[in-house]
Structures are given as structure tokens and as C-alpha cells.
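Student: I have a structure open and would like to learn how its labels are earned. Could you take me through some of them?
Tutor: Gladly, let's look together.

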Amino acid sequence: MATDKQSAEKEITVEDKLSALYQLQTMVTDIDKIKTLRGELPLEVQDLEDEIAGLETRLQNYQTEIKEYETSVVEQRNKITESTALIERYKSQLDNVRNNREFDNLSKEIEFQGLEIEFSEKKIREANDATGYKKEEIAQLTERLDGRKADLVQKKSELEEIISETKQEEEKLREKAKKLELSIEPRLLTAFKRIRKGARNGLAIVYIQRDACGGCFNKIPPQKQMDIKLRKKIIVCEYCGRIMIDPELAGIEE
Ligand SMILES: [Zn+2]
């Protein structure tokens with residue numbers, strides 16, 4: 001057996017070609033996975049940063065609103081003080097009225113200032129209620145913001161870790177793939193790359209799964225399956241154009 005292999009050293013069988021292509025596929029699929037992994041994390045980090053910025057803006061707006069309510073409370077208190085002083089003055093004037101008309105006018109003024117006080121008190125209650133409500137919202141928002149910030153720290157470190165980890169892994173895989181590519185005849189390699197480019201999942205060579213193409217999952221006729229098992233010809237799926245390989249040759253246990 002060993003001598004047979006040695007004598008046929010220059011001759012590359014279809015089986016060898018299929019095996020090399022499948023190995024290459026495994027490597028490039030791993031590179032694809034790394035890219036996908038990295039491709040999603042920066043986006044997640046960006047999304048978190050945007051969300052945090054949005055929450056912080058909302059928090060600032062709430063705090064500004066609370067300040068406005070507080071200012072309004074001070075204004076209404078001043079109005080109450082003014083109205084109370086006026087009422088006191090009018091009441092003292094009541095003792096010195098000279099006629100009914102003056103009495104009626106002063107009574108109306110006192111009544112009016114009383115209504116003003118009630119109105120201001122209502123405004124103060126409303127502002128205090130609104131402040132309480134906003135403070136609750138601020139508490140919830142702050143909690144959410146803290147959670148998001150913690151998520152961001154986590155995601156950022158994950159991303160940095162993945163970048164530093166996968167960089168080496170990817171370089172290693174690329175090197176291995178490059179070396180392997182040299183052992184594959186250029187025409188076949190070009191075909192492989194072309195098929196891979198056109199395939200949505202990046203698979204150019206697939207193994208038979210449950211009598212179907214492992215790429216598009218269309219049923220493969222028994223005769224064709226037999227031919228694939230024989231490993232004497234390179235056979236492509238008639239539906240998706242992917243190269244098909246016997247699961248055993250691909251190292252898959254059925
Ligand atoms: Zn197919």
C-alpha cells in the first residue's frame with residue numbers, strides 16, 4: 001500500500017481533490033464565522049452607545065423639567081404671599097369704610113385674592129405631583145442607564161477580546177488555506193471560489209445529507225449518489241451547482 005502510494009505520488013486522484021477542497025471549505029467557513037462574530041459585536045457596541053446617549057438626554061430633560069416645576073412653585077408661593085398681604089390690607093381697610101360701595105369693592109377684592117391663593121395652591125400641588133412622578137421616572141431611567149452602561153463595558157471587552165483572539169486564529173487559518181490552495185489545481189480552485197461566491201452560505205462543497213444536497217437540500221437521485229460515493233468524478237448538484245462529496249470522505253459520521 002505504501003509503495004503504491006509512493007509510485008503514484010505525482011498522480012492526484014479525484015478523491016484527493018475532493019478531500020482537499022473539503023478541507024479548504026472547512027478553513028474558509030471558520031474564517032467566515034470569525035468575521036460574522038466580529039461583524040455583529042461592533043454593531044451591538046454602537047447600538048448600546050446610541051441607547052445610552054438617548055437615555056442620558058432624556059435624563060437631562062427630566063432634570064430640567066423638575067427645575068422648572070421648582071421655579072414655578074417658588075413663583076406661586078410668592079404670589080400667595082402677595083395675595084395674603086393684600087387680604088390683610090383690605091381687611092384692615094374694611095374697618096374704616098365710609099359706604100356700602102366701598103365695602104362691596106373691598107369684599108370683592110378679598111374674595112378675588114382668596115381665589116388667587118386657591119389657584120396658586122392648586123398649581124403648587126400639580127407641580128409637586130409632577131415632580132414626584134418625574135423623580136420616579138428618573139429613578140427607573142437611572143437604573144436602566146446603569147444596566148446599559150454595564151452591558152457596554154461587557155460588550156466592549158468581549159469585542160476587544162475577540163479581536164485580539166481571532167486575529168491570530170484568522171491569520172493562522174488564512175496561512176493554512178493559502179498553503180492548501182497551492183496543492184489544488186488552479187482551474188478547480190477558480191471553480192470552487194466562483195461557486196462559493198454565488199452561494200448564500202459560502203459553501204462551495206457539501207456532503208450528502210439524507211439523500212439530499214447539503215447545500216440546497218434537493219433530493220439527489222440514487223444513481224448520482226452512487227457516483228458520488230465512487231469518488232471518480234467531480235459531481236455538482238444540478239440544482240445549486242455546489243460540488244458534492246461523500247460524507248465519509250468529508251469525515252462526517254452519519
Ligand atoms: Zn444543491
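Student: Which residue of β3 is the bridge partner of I235?
Tutor: The partner of I235 in β3 is M244. Keep in mind as we go that this is a predicted model.

Student: What makes β2 and β3 (residues 243–245) a pair?
Tutor: Strands pair if there are at least two bridges between them. Two bridges join β2 to β3, so they qualify, and the two strands run antiparallel.

Student: What is the order of the strands in the sheet, and why are β1 and β2 at the edges?
Tutor: The order is β1-β3-β2, in an open sheet of three strands with mixed pairing. β1 (205–207) and β2 (235–236) each have a single partner strand, so one side of each lacks a neighbour in the sheet. Helix α2 (residues 14–94) packs on this sheet and touches β1 and β3. The direction of α2 makes about 105 degrees with that of β3.

Student: Why is the site of the zinc ion called tetrahedral?
Tutor: Four donors earn that name if all angles lie between 85 and 135 degrees. Here the angles among the four donor atoms are 106 to 115 degrees, so the site is tetrahedral. For comparison, the ideal angle for four tetrahedral donors is 109.5 degrees.

Student: How do you know which atoms are the donors of the zinc ion?
Tutor: A donor here has to be an N, O or S atom within 2.8 Å of the metal. The SG atoms of C213, C216, C237 and C240 coordinate the zinc ion at 2.2 to 2.3 Å, so they count as donors. In sequence, the donor residues follow the spacing C-x2-C-x20-C-x2-C.

Student: Are the cysteines C237 and C240 buried or exposed?
Tutor: Buried means under 20% relative accessible area, exposed means over 50%, and partly exposed is in between. C237 has 2%, so C237 is buried. C240, at 29%, is therefore partly exposed.

Student: What makes R210 and F217 stand out in the loop between β1 and α5 (222–230)?
Tutor: R210 lies in that loop, and its phi is near 45 degrees, a positive value in a residue other than glycine. F217 is found in the loop between β1 and α5 too, with a positive phi of about 65 degrees although it is not a glycine. R210 has 71% relative accessibility, which is over 50%, so R210 is exposed. F217 is exposed because its relative accessible area is 53%.

Student: Why is V45 called buried, and what does V45 touch?
Tutor: V45, a residue of helix α2, has a relative accessible area of 7%, so V45 is under the 20% cut-off. Leaving out residues up to four places away in sequence, V45 touches L152, K155, K156 and L159. V45 and Q154 are 109 residues apart in sequence, yet 9.4 Å apart in space, C-alpha to C-alpha.

Student: Is E40, which is also in helix α2, buried or partly exposed?
Tutor: E40 is partly exposed, because its relative accessible area of 46% lies between the two cut-offs. E40 and L159 are 119 residues apart in sequence and 9.5 Å apart in space, C-alpha to C-alpha.

Student: And how do you know whether E170 is buried or exposed?
Tutor: E170 has 11% relative accessibility, so E170 counts as buried. E170 is found in helix α3 (residues 100–182), and among the residues E170 touches are I31 and R38.

Terms used
Residues are numbered from 1 along each chain as its sequence is written. This is a predicted model: local features need pLDDT of at least 70, side-chain atom pairs count only at pLDDT 80 or more; totals for chains, interfaces and linings use all residues. Side-chain values use heavy atoms; hydrogens and water are left out. Helices (H or I, at least four residues) and strands (E, at least two) are DSSP runs, numbered from the N terminus. Contact means heavy atoms within 4.5 Å. Axes are lines fitted to C-alpha atoms, for helices over the stretch in contact, and angles run from 0 to 180 degrees between N-to-C directions. Buried means under 20% relative accessible area, exposed over 50%, partly exposed in between (1.4 Å probe, protein chains only). Donors are N, O and S atoms within 2.8 Å of the metal (3.2 Å for Na, K and Ca); water is not among the atoms, so sites may look incomplete. Four donors count as tetrahedral if all angles lie between 85 and 135 degrees; four count as square planar and six as octahedral if opposite donors are over 155 degrees apart and all others between 65 and 115; anything else is irregular.
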